[in-house]
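Reader: I would like a close look at the turn region of the smaller of the sheets here, and then at how the rest of the chain is arranged. Please keep to what the model itself shows.

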Amino acid sequence: MDLSRPISTAISTLDGPVLGVLVRAGAPLTGRKVHQLAGTGSESGTRKVLTRLAATGLVIATEVGSSIQYSLNRDHLAAGAVIELTDLRQALVRRLQDVIETGWSVRAVHASLFGAAARGDGDLESVVDLLLIHEESSPEWSQQVASLTAQVFRWTGNTLRTHDLSVGELHEHLAIGDPVMSTWLREGVLVSGSDLRSLLKTIAS
């Protein structure tokens with residue numbers, strides 16, 4: 001899965017970025033603005049895509065003065081599928097949360113995404129970085145993590161790279177001021193367990 005443009009998983013043409021822009025837009029946009037936000041293709045190509053999608057009814061084209069503004073027709077039968085494709089990174093977070101919170105016998109103290117999956121950049125080759133904090137290692141814990149690695153690859157086609165630390169090891173990172181801590185705090189998208197800042201405050205006290 002392209003972590004910067006998840007919709008391209010199923011819609012690899014210019015239609016994907018154009019629809020992605022319209023899904024996120026809070027108001028109708030001109031063809032020029034759609035092209036700018038899509039960040040790919042040509043402006044003429046974007047206008048052709050918008051004209052074709054308007055012909056299907058999935059996009060609403062409205063004349064405003066001398067310009068035409070476009071918006072997603074959220075009542076269209078296909079709109080739900082388009083929105084879901086745009087929301088794949090959030091769907092990944094929800095699926096990870098479901099597995100970690102309901103499928104694991106050994107609970108995680110903390111789990112969060114960072115890196116490309118959290119920032120929404122990267123490409124098809126990007127890994128999914130997951131920070132996992134646990135009380136202490138055990139065979140059951142290791143089996144859970146290994147199983148999740150295989151699951152994430154099936155879900156996305158991307159490799160899961162786990163950063164697996166005990167609470168004690170996290171304390172060591174904190175004590176030496178490891179620079180990676182700032183990345184975890186800045187980029188982290190909470191999946192399960194305690195918020196990382198709160199956890200660090202508890203450890204430091």
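**The hairpin and its surroundings**

Author: In this predicted model, strand 2 and strand 3 form a hairpin with two residues between them, and Gly65 in the turn has a positive phi of about 65°. The two arms are strand 2, residues 59–64, and strand 3, residues 67–72. They run antiparallel and are joined by six bridges. At one position along this pairing, Val59 stands opposite Leu72 in strand 3.

The hairpin belongs to an open sheet of three strands, with the order 1-3-2 and antiparallel pairing. Strand 1 (29–30) and strand 2 are the edge strands, each pairing on one side only. Strands of a sheet pair through backbone hydrogen bonds, in a parallel or an antiparallel way. Helix 3, residues 43–56, lies across strand 2 and strand 3 and runs at about 110° to strand 2.

After strand 3 comes a loop that leads to helix 4 (79–86), and Asn73 is found in this loop. Is Asn73 buried or exposed? Its relative accessible area is 18%, and because the limit for buried is under 20%, Asn73 counts as buried. Beyond its neighbours within four places in sequence, Asn73 is in contact with Gly57, Leu58, Val59, Ile60 and Ala79. Val59 thus appears both opposite Leu72 in the strand pairing and among the contacts of Asn73.

The chain also holds another open sheet, of four strands, in the order 6-5-4-7 and with mixed pairing. Strand 6 (160–166) and strand 7 (189–193) stand at its edges with a single partner strand each, so one side of each has no neighbour in the sheet. On average, neighbouring strands here are turned by 20° against each other, direction ignored. Strand 5 and strand 6 run parallel and are joined by seven bridges. Within that pairing, His163 in strand 6 is the bridge partner of Leu131.

Two helices can be placed against this sheet. Helix 5 lies across strand 4, strand 5 and strand 7, at about 15° to strand 7. Helix 9 lies across strand 4, strand 5, strand 6 and strand 7, at about 85° to strand 4.

Helix 9 also packs against other helices. Helix 8 (residues 167–176) and helix 9 (residues 180–187) meet at an angle of about 110°, their axes 9 Å apart, and they are therefore roughly perpendicular to each other. Leu170, His173 and Leu174 of helix 8 make this contact with Val180, Met181 and Trp184 of helix 9. By type, the residues of the contact divide into five nonpolar, one polar and no charged.

The axes of helix 9 and helix 10 (residues 196–204) come within 10 Å and cross at roughly 135°; the two helices are therefore oblique to each other. From helix 9 the contact takes Met181, Trp184 and Leu185, and from helix 10 it takes Leu196, Arg197 and Leu200. These residues divide into five nonpolar, no polar and one charged.

Leu174, in helix 8, touches residues of both of these helices. Apart from its neighbours within four places in sequence, Leu174 is in contact with Met181, Leu200, Ile203 and Ala204. Its relative accessibility is 30%, so Leu174 counts as partly exposed. Leu174 and Leu88 are 86 residues apart in sequence and 33 Å apart in space, C-alpha to C-alpha.

The interior remains. The largest nonpolar core has 23 residues, of which Ile100, Trp104, Leu113, Leu132, Leu148 and Val191 touch the most other members. At least two residues each are supplied by helix 5 (88–103), strand 4 (110–114), helix 6 (116–119), strand 5 (128–134) and helix 7 (139–156). Helix 5 gives the largest share, five residues. Val191 touches Val93, Leu96, Gln97, Ile100, Glu101, Ala111, Ser112, Leu113 and Leu130, not counting residues up to four places away in sequence. A second, separate core of 19 residues includes Val21, Val34, Val49 and Val59.

That second core leads back to the hairpin. Val59, one of its residues, is the residue that stands opposite Leu72 in strand 3.

Methods:
Residues numbered from 1 in each chain as written. Predicted model: local features only at pLDDT ≥ 70, side-chain atom pairs only at ≥ 80, totals over all residues. Heavy atoms only, no water. Axes fitted to C-alpha atoms, helices over the stretch in contact; angles between N-to-C directions. Parallel < 35°, antiparallel > 145°, perpendicular 65-115°, else oblique. Contact = heavy atoms within 4.5 Å. Nonpolar A, V, L, I, M, F, W, Y, C, P; charged D, E, K, R; others polar. Core = buried A, V, L, I, M, F, W, Y, C linked by side-chain atoms within 4.5 Å. Buried < 20%, exposed > 50% of the residue type's maximum accessible area, 1.4 Å probe, protein only. Pairing = 2+ DSSP bridges.
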